[in-house]
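I opened this structure for the first time today and kept notes as I went. The entries follow the order in which I looked things up.

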Amino acid sequence: MLIDLHAHAPHPDYYDQHPHWGPAFESQPDGDIKLRVGEWILSLGAPERKRALREAHARGETLNVEEYMAKWRDPSNRLAAMDAAGQDAQVLSVPSHCYMYWTEAEFAVPFARKVNDVMAEYCSAAPNRLMFWAHAPLNVPLEAAKEIRRACNELGAKGLSAGGSNFGGLEYDSPELDPVWEALCEVDLPIFVHGYNQSVTWGKDANTDRYETTAIVGMNYDETKCLWYLINGGVLDRFPNLKIYITHGGGFVPYQLGRLAQTNPNLDVFHNKKPFLDYLPNFYFDVELHELPMRQAMVDVIGADRVLYGSNFGGSDAVRHDLTEGLRLSDEDLQKIRWKNACELLRLDPAKVGKVGV
């Protein structure tokens, strides 16, 4: 079995919700289609879209927004792609560019409800193969806690998808977010931490971020910052049952783990009551790294019990082959990464998870 926990699901029914913030896919002068969120325009594309644009140009045509987005509405397209990739199930999330923590509460709160309703409906087409992470307006913590409970208890969400930093100015160690962590401990489900491009919060300067640096480099920094703030901030002392899954191979965490642990007690201010590494059992990391030796090293450092399968399915940096191929592991550890850890973390019954082609 193979369960992919890092698979984004853009869907036309939660786009175009606000005249300024969008989020909106719009035609460009060169015939391409790009995402706009407020002032910011995404300048990073998936290879599939770039190929489609080249083919359209060769025919003297441009890409059509409605046709481009329509395929996202039909879950049979995703299921066919999952079959081709040998994936039995996916846990889907809203693309991180659309977290909307930087918007006013009057938009952020109803937008989160809309996203979760749309995702639940989409996944209902194949509930044994398609599941989703809840979206919540973390810039409005009390409303976010309500939405987490609704999405998980009523809609079947498998946990919370969240950025790595800056929830409308709040951070993981902000006491205002304690109601969110309380809600997650109550529903006994994890956070899926996926950084977002901080440039989207820069207003009229949003497009001055050259080469999408806040996305491609910054996401890993923010994901590492998440772990650093949760531990140093004493959050895991207040909420010892909180579970956190950090994607992209854990940001920079597994590769600088010793440095983080050694410097923590040397800080003038830190709030963790236990040694730094004692908090690692609260964290999970995935194998979305692009080099086999790096994946192997991450598993060796973290241990197979805390590693999950995530590929950024369909995304720009997605690794389009089996990420467990070539890892030097026992079969038991291999199956932990491929599906067993996911079933335990998300409380899934393996017998009820669908199969490729079914």
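**Entry 1: the sheet**

I began with the strands and found an open sheet of 5 strands, in the order β7-β8-β9-β10-β11, with parallel pairing. At its edges I noted β7 (160–162) and β11, each of which pairs on one side only. I should record here that this is a predicted model.

I then followed β10 (residues 283–286) towards each of its partners. With strand β9 (residues 244–246), β10 pairs in the parallel sense over 3 bridges. Looking for individual partners, I found that Ile244 has Phe283 as its bridge partner in β10, and that Tyr245 stands opposite Tyr284. Towards strand β11 (residues 307–308), I counted 2 bridges from β10, again with the strands running parallel, and there Phe285 stands opposite Val307.

Next I asked myself which faces of β10 are covered. Both are: Phe283 and Phe285 are buried on one side, and Tyr284 and Asp286 are buried on the other. This fits what I know of regular strands, in which side chains alternate between the two faces of the sheet.

**Entry 2: the crossovers**

I traced the chain between these strands to see how they are connected. β9, helix α10 (residues 257–263) and β10 make a right-handed β-α-β unit. From β10 the chain goes on through helix α11 (residues 292–302) to β11, and this β-α-β crossover is right-handed.

**Entry 3: the cores**

I turned to the buried nonpolar residues, remembering that in soluble globular proteins nonpolar side chains tend to be buried together. The largest nonpolar core has 96 residues, and those with the most contacts inside it are Leu138, Trp181, Ile191, Leu242 and Ile244. Helix α4 (residues 105–123) gives the most to this core, with 8 residues.

I picked Leu242 for a further look and, leaving aside its neighbours within four places in sequence, listed its contacts as Trp181, Leu184, Cys185, Ile191, Leu230, Val235, Leu236 and Asn282. A second, separate core of 17 residues includes Ile3, Met131, Ala342 and Cys343.

**Entry 4: one tryptophan**

I wanted to know whether Trp339, which is found in helix α12 (residues 331–346), is buried or exposed. Trp339 counts as buried, because its relative accessibility is 16% and the cut-off for buried is under 20%. Not counting residues up to four places away in sequence, I found that Trp339 touches Met1, Ile3 and Pro350. For a sense of distance I also checked Asn264, which lies 75 residues from Trp339 along the chain, and the C-alpha atoms of the two are separated by 33 Å.

**Entry 5: helix α1**

I finished with helix α1 (residues 47–58), whose 12 residues reach 17 Å from the first C-alpha to the last, close to the 16 Å expected at 1.5 Å a residue. Which residues of α1 are buried? I found Arg49, Leu53 and Ala56. Seen down the axis of α1, these buried residues fall within an arc of 65°, so they line one face of the helix. What covers the buried residues of α1 includes β3 (33–37) and α2 (65–73), whereas on the other side of α1 I noted that Arg54 and Ala58 are exposed. Just after α1, Gly60 takes a positive phi of about 75°.

Notes: Residues numbered from 1 in each chain as written. Predicted model: local features only at pLDDT ≥ 70, side-chain atom pairs only at ≥ 80, totals over all residues. Heavy atoms only, no water. Helix = DSSP H or I, 4+ residues; strand = E, 2+ residues; numbered from the N terminus. Expected span 1.5 Å × (residues − 1). Buried < 20%, exposed > 50% of the residue type's maximum accessible area, 1.4 Å probe, protein only. Arc of directions from axis to C-beta. Contact = heavy atoms within 4.5 Å. Core = buried A, V, L, I, M, F, W, Y, C linked by side-chain atoms within 4.5 Å. Pairing = 2+ DSSP bridges. Right-handed = clockwise from strand over helix to strand, strands pointing away.
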